[in-house]
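Student: I am new to this structure and would like a close look at one part of it. Please take a single helix and its surroundings, and explain how the neighbouring pieces are placed.

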Amino acid sequence: MTDRPVLEITNLTVKLPKGADREHAIEDISISVRRREIVCLVGESGSGKSVSAFSVMGLLPGRDMAPIAGSIKLEGEELIGADEARMRDLRGARMSMIFQEPMTALNPTMTCSQQIEEVLTTHTDFDADERQKRILNILEQVQLPDPPRMAASYPHQLSGGQRQRIMIAMALVLEPALLIADEPTTALDVTTQAQILKLIKEIQASHDTAVLFITHDFGVVADIADRVAVMQWGKVVEEGTADDVLRRPTHPYTKMLIGSVPSFTPRVRPRQIDAPVVLSTDNLSKTYSGGGFFQKARPVRAANAVTVEIRRGETLGIVGESGSGKSTVARCIARLINPSDGHVYLDGDDIAKASPFQLRNLRRRVQIVFQDPYRSLNPRRTVGASIIEGPMNYGTSQRDAMKRAQELMSLVRLDPGSLDRYPHQFSGGQRQRICIARALAMGPDLLIADEAVSALDVSVQAQVLDLLDDIRQRLDLAMLFITHDLRVAAQVCDTVAVMHRGEVVEYGTAAEVFGDPQHDYTRSLFAAAPGRGFAFGGAAA
Amino acid sequence: MTAPDLVDSAAQAAASAQRPSLFRQMLRNHSVTFGTVVLLAMVILGLVAPYLGTIDPASIDPVWRNKVPGTERTITLPSGEDVAFIHRMGTDSLGRDLYSRVIYGARISLIVGLFVALISVAIGLTIGLVSGYIRWLDGIVMRVMDGLMAIPNILLAIGLVSLWGAGVVTVIIAIAVPEIPRVVRLVRSIVLSIREEPYVEAAISVGTPLIPILYRHVLPNTVAPLLVQGTYVCASAILVEAILSFLGVGIPPETPTWGNIMAEGRVLFQVFPHNIMFPGVFLALTILAVNLLGDGLRDTLDPRMAKRF
């Protein structure tokens, strides 16, 4: 028993529909997962890691995308070619899956206990009392407070972390031999992520579960994996124990990936103390009053008394979890929303209360790069048209603007000849470069990057970060860098402000904040960062 | 030129794989083809009505009342010449040639359908854009639209006809007004989702004024849904016009429309069914064509198409 793997994938190939970017979604992959073992499947987007998981669960969309060779054995039983009825019996009972987004993976119209009960009624003939007992038992095991109340709650009444715990409870209630986790913590904040990872580890140890854990995050891999398989373009390029792969990678792609993970040690740069202050905020606050015609107003303080400053040539990082108010501050400074209180000084002018007419001139001096590279360019306009839109608003002739756009394309390391192409012809990283070019076309004094690299794969992320840093230096820009990723902040920022519930709880140079955090929240944030104990960045490259 | 990303170039090659053009996809869609062919046929019928062997659709001849289709007779042309003539679809209770009336009737139906669609889409689009984008106006405009939607179009038509007298313009206005709120709601919902897109925010932050933002970034997203909605409005307008004429509150009887031909045939329906059957078939066929065209357009212009960007 002990030597037979719970899951054994051998030489599996899954084809893609005609007209896709490659012939096979996954090609000739072999992975095995033993009892009590966590195997991490790691790779960038499009590497085929989710397809592998879906093949095991028999959840591939059908004829266009189906296994064409190889075998998948669950506890010795062949799954390829198994009929739908058998797969239904196995799913939930012998193997189960948890997903990235716990809100959409749970049915919003059913209470949590009804959803767990559904698993039990489908696969067992327990009576109602037995089912209730099991539900409360599993909810206790996933460490949810007050299980009876949680059981009676609807998904929207729970937090993201609690929802993911419910998902795990659902997946584990029948004690399956195999648990597949598809990026289960990607949508969660870093502190919640740390808790969920700990839970998965504990619970799989006590249940002897085999876990196939899919992730793109090497920090998570370092924290949780026993063994690692690295995927690229549908193939497993490297496989081994976590220690071997992380510390002694042999394949160049693995080396590149691990080398691209930013280090936690802040990069120290001489501060430019005498450089002029480009932007400063004084008690900047934003309060949403909420309420409507018939609802009582319920004010929400999104940002409260934020006071920071950025000098020319410097980067200020605002880090925090979702809902901490970091984007609110950025949007107030860019005047995409109006601050409710306080001052924003741009080269000495208070822009917090600038009228729409005054704003017209201010807009050129503050530019912003958004998070989602797929939505921040109008899909119906050529990238050239997007880049020259701003300068032409301020009276530059189309010819001059196009000439400048070509220079900017070179500056962001893209082909200047591709200005007449449409955004869908570019990849995510390239689009983000175009967005940077669009921002630079205005000749701003302050560049705001609002989670500008969060949606990118780690290797592309490294390139874009490099580019941003290069541009800041070359153009002597002040930069405001909003991120939830502490590693990124450590690499890019000169000064760091940590935000929590709308307030800046810690503010200082990167070396101070990362080296000797003072506030409890900052410390817990650092402690929760995945892969904390592992020296990434340079160490393995 | 510096070297473009090597890492990204494969993904880029994948993204630029071309799909067949929109026009080809439409041709391949049978509903679009059928709808277009039938509608074109109706338009041509209406345009060349005088040359299709028709006579004056309003000329009354009590001797030749209620004749069945295929009745032969001789008629005197304005030039004084006598010629043989066949009532292909028979005559109505006043002796008017039904074939001529049905063919000329196509004109009114198509004109009403087209103009109602154009007017309601144009006005609805303008109001919807403004109301969706300018927050403080939204509440007020939408309550007015709720009010407009509560007016039954047939009652409104009766009211307008009693005010201004019967006529094509009155009927078009009466049908178009209650359609406007539906278009406004559609456009507003699109605008509400588009204006949250980062590319709209990006346009704001590079200083693009309101009107160009609406025109460049928001408006193009409304074209496909409006084209589809327009065909539905058109179909319903043709039907409502027929109903109004049938009830006698629409186009006056001297102008033939499919609705008032049927209204006249109603009394003797059991004896002479052709009075209702022929205009009925034309009406049904036209509405079917418009609706199929709308369905086909929806399928080819579906929002899921946005994936190709």
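Tutor: Angles between helix axes under 35 degrees count as roughly parallel, over 145 as roughly antiparallel, 65 to 115 as roughly perpendicular and the rest as oblique. That scale is needed for helix α7 of chain B, the part chosen here. The model is a predicted one.

First, the chain as a whole. Chain B has 12 helices and two strands. In sequence order the pattern is α-α-α-β-β-α-α-α-α-α-α-α-α-α. With a radius of gyration of 25 Å, well over the 19 Å that the globule rule gives for 309 residues, chain B is more spread out than a compact globule. Its C-alpha trace spans about 90 × 45 × 35 Å along the principal axes. Buried residues make up 48% of the 309 in chain B. Of the contacts in chain B between residues at least 6 apart in sequence, 72% join residues at least 24 apart.

Now to α7(B) and its partner. Helix α5 of chain B, residues 135–149, packs against α7(B) with the axes 8 Å apart and an angle of about 140°. On the scale above, α5(B) and α7(B) are therefore oblique to each other. The crossing of α5(B) past α7(B) is left-handed. On the α5(B) side the contact involves B:Asp138, B:Met142, B:Met145, B:Asp146, B:Leu148 and B:Met149. These meet B:Val177, B:Ile180, B:Pro181, B:Arg182, B:Val184, B:Arg185 and B:Arg188 of α7(B). By type, the contact residues of this pair are eight nonpolar, five charged and no polar. A general point about helices helps when reading such lists: an α-helix has 3.6 residues a turn, so residues three or four places apart point the same way.

One residue of α7(B) can be looked at alone. B:Thr170 lies in this helix. Its relative accessibility is 6%, so B:Thr170 counts as buried. Leaving out residues up to four places away in sequence, B:Thr170 touches B:Leu160, B:Val161, B:Trp164 and B:Gly165.

Some of those residues lead to another helix, α6 of chain B, which covers residues 153–164. The axes of α6(B) and of helix α10 of chain B, residues 223–247, come within 11 Å and cross at roughly 55°. α6(B) and α10(B) are therefore oblique to each other, and α6(B) passes α10(B) in a right-handed crossing. The contact is formed by B:Asn153, B:Ile154 and B:Ala157 from α6(B), together with B:Val240, B:Ile243, B:Leu244 and B:Leu247 from α10(B). Six of these contact residues are nonpolar, one is polar and none is charged.

What follows α7(B) in the chain is a loop. B:Glu196 sits in the loop between α7 (168–194) and α8 (198–205) of chain B. B:Glu196 has 44% relative accessibility and so counts as partly exposed. Apart from neighbours within four places in sequence, B:Glu196 is in contact with A:Arg375 and B:Arg135.

Beyond the loop, α8(B) is mostly covered, with seven of its eight residues buried. The buried ones are B:Pro198, B:Tyr199, B:Val200, B:Glu201, B:Ala202, B:Ala203 and B:Ser205. After α8(B) comes B:Gly207, which has a positive phi near 80°.

Key
Residues are numbered from 1 along each chain as its sequence is written. Chains are lettered from A and ligands numbered from 1 in the order in which they are written. This is a predicted model: local features need pLDDT of at least 70, side-chain atom pairs count only at pLDDT 80 or more; totals for chains, interfaces and linings use all residues. Side-chain values use heavy atoms; hydrogens and water are left out. Axes are lines fitted to C-alpha atoms, for helices over the stretch in contact, and angles run from 0 to 180 degrees between N-to-C directions. Helices (H or I, at least four residues) and strands (E, at least two) are DSSP runs, numbered from the N terminus. A crossing is left-handed if the near helix is turned anticlockwise from the far one by less than a right angle, and right-handed if clockwise. Contact means heavy atoms within 4.5 Å. Ala, Val, Leu, Ile, Met, Phe, Trp, Tyr, Cys and Pro count as nonpolar, Asp, Glu, Lys and Arg as charged, and the others, Gly among them, as polar. The radius of gyration is taken over C-alpha atoms; the globule rule is 2.2 Å times the number of residues to the power 0.38. Buried means under 20% relative accessible area, exposed over 50%, partly exposed in between (1.4 Å probe, protein chains only).
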